[in-house]
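Work through the exercises below with the structure in view, and try each task before you read its solution.

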Amino acid sequence: MNRPQWITFDCYGTLVDFDIDSVIVRTLGTRAEQVDLDRFLQTATKIRYQEAVLGEYRPYRELLRRSLARVMQQFGLACRDEDGDAIVDAVPTFGPFPEVPAVLERVRKHCKIAIISNTDDDLIAGNLERIGVPFDRVVTAQQARSYKPNIAIFQHTLRDLGCQADDVLHVAQGFEYDIWPAHYLGWARVWVNRQGRAGDPAFGPYDEISDLTGLPSLLGID
């Protein structure tokens with residue numbers, strides 16, 4: 001792999017352990033006993049994706065609230081204002097996967113690093129503090145007024161970085177959110193397949209690693 005000028009990273013699920021399912025379960029409390037919890041959480045994930053893809057841009061905190069209210073309504077549960085508050089308040093508290101800070105420190109000595117994240121500026125600030133590694137750029141949906149997988153946020157990123165697609169390597173765990181759109185834009189990609197999912201060669205070629213520890217060797221970094 002040629003070493004790129006910029007490496008862009010997805011944040012939630014790639015760098016940060018975005019354990020929103022556990023937060024939802026805690027927020028439901030005893031109400032979780034009234035539903036098929038696995039199906040509830042799977043539906044919640046699908047609805048968050050739909051909220052990001054469909055309709056006009058809205059702040060991430062509002063997207064989280066709306067998606068929670070929709071899934072609770074679908075499963076016949078009453079949604080209270082404090083339920084949405086609990087989900088939103090938890091997001092900035094999520095910290096990095098164990099290997100992430102050390103790998104980022106190695107990589108940033110050789111390439112500029114940036115984040116492209118479906119979030120609000122104030123929410124990701126807490127996550128960045130917990131990562132503890134400085135980034136050259138942090139691009140959010142709030143800045144781009146668009147969510148991944150919409151290619152608009154990737155195009156916004158290129159303008160913000162002042163570079164071309166050939167200058168960028170995108171590293172992400174979200175196949176639908178990141179690998180698909182980056183493929184259509186001609187970006188080089190590394191899929192961080194933390195969940196051991198099946199990939200799709202139709203969106204290749206891309207490199208695949210199980211966590212971030214494999215990234216330096218792909219880049220030829222000792």
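**Exercise 1.** In this predicted model, decide whether Arg137 is buried or exposed, or something in between, and then find its salt-bridge partner.

*Solution.* Begin with accessibility: Arg137 has a relative accessible area of 33%, and because buried means under 20% and exposed means over 50%, Arg137 counts as partly exposed. Turn next to the partner, Asp160, which is also partly exposed, with a relative accessible area of 31%. The closest N and O atoms of Arg137 and Asp160 are 3.8 Å apart, and a salt bridge requires them to lie within 4 Å, so the pair qualifies. Finally, place the two residues in the chain: Arg137 belongs to strand E3 and Asp160 to helix H8, 23 residues apart, and the pair therefore links distant parts of the chain.

**Exercise 2.** Describe the salt bridge between Arg197 and Glu176, and say which cavity has Arg197 in its lining.

*Solution.* The closest N and O atoms of this pair are 2.7 Å apart. Arg197 lies in the loop between strand E5 and strand E6, whereas Glu176 lies in helix H9, 21 residues apart. Arg197 is partly exposed at 34% relative accessibility, and Glu176 is partly exposed at 24%. Arg197 also lines the second largest cavity, together with residues including Gln173 and Trp191, and that cavity holds about 30 Å³ of space.

**Exercise 3.** Which helix gives the most residues to the lining of the largest cavity?

*Solution.* Helices H1, H2 and H3 each give two or more residues to the lining of the largest cavity, and H3 gives the most, with 4 residues.

Conventions
Residues are numbered from 1 along each chain as its sequence is written. This is a predicted model: local features need pLDDT of at least 70, side-chain atom pairs count only at pLDDT 80 or more; totals for chains, interfaces and linings use all residues. Side-chain values use heavy atoms; hydrogens and water are left out. On a 1 Å grid over the protein atoms alone, a cavity is a set of points where a 1.4 Å probe fits but cannot get out, and a pocket is an open set with protein on both sides within 12 Å along at least five of seven lines; lining residues have an atom within 4 Å of a point. Grid points are joined across faces, edges and corners, and a volume is the space filled by probe spheres set on the points. A salt bridge is a side-chain nitrogen of Lys or Arg within 4 Å of a carboxyl oxygen of Asp or Glu. Buried means under 20% relative accessible area, exposed over 50%, partly exposed in between (1.4 Å probe, protein chains only).
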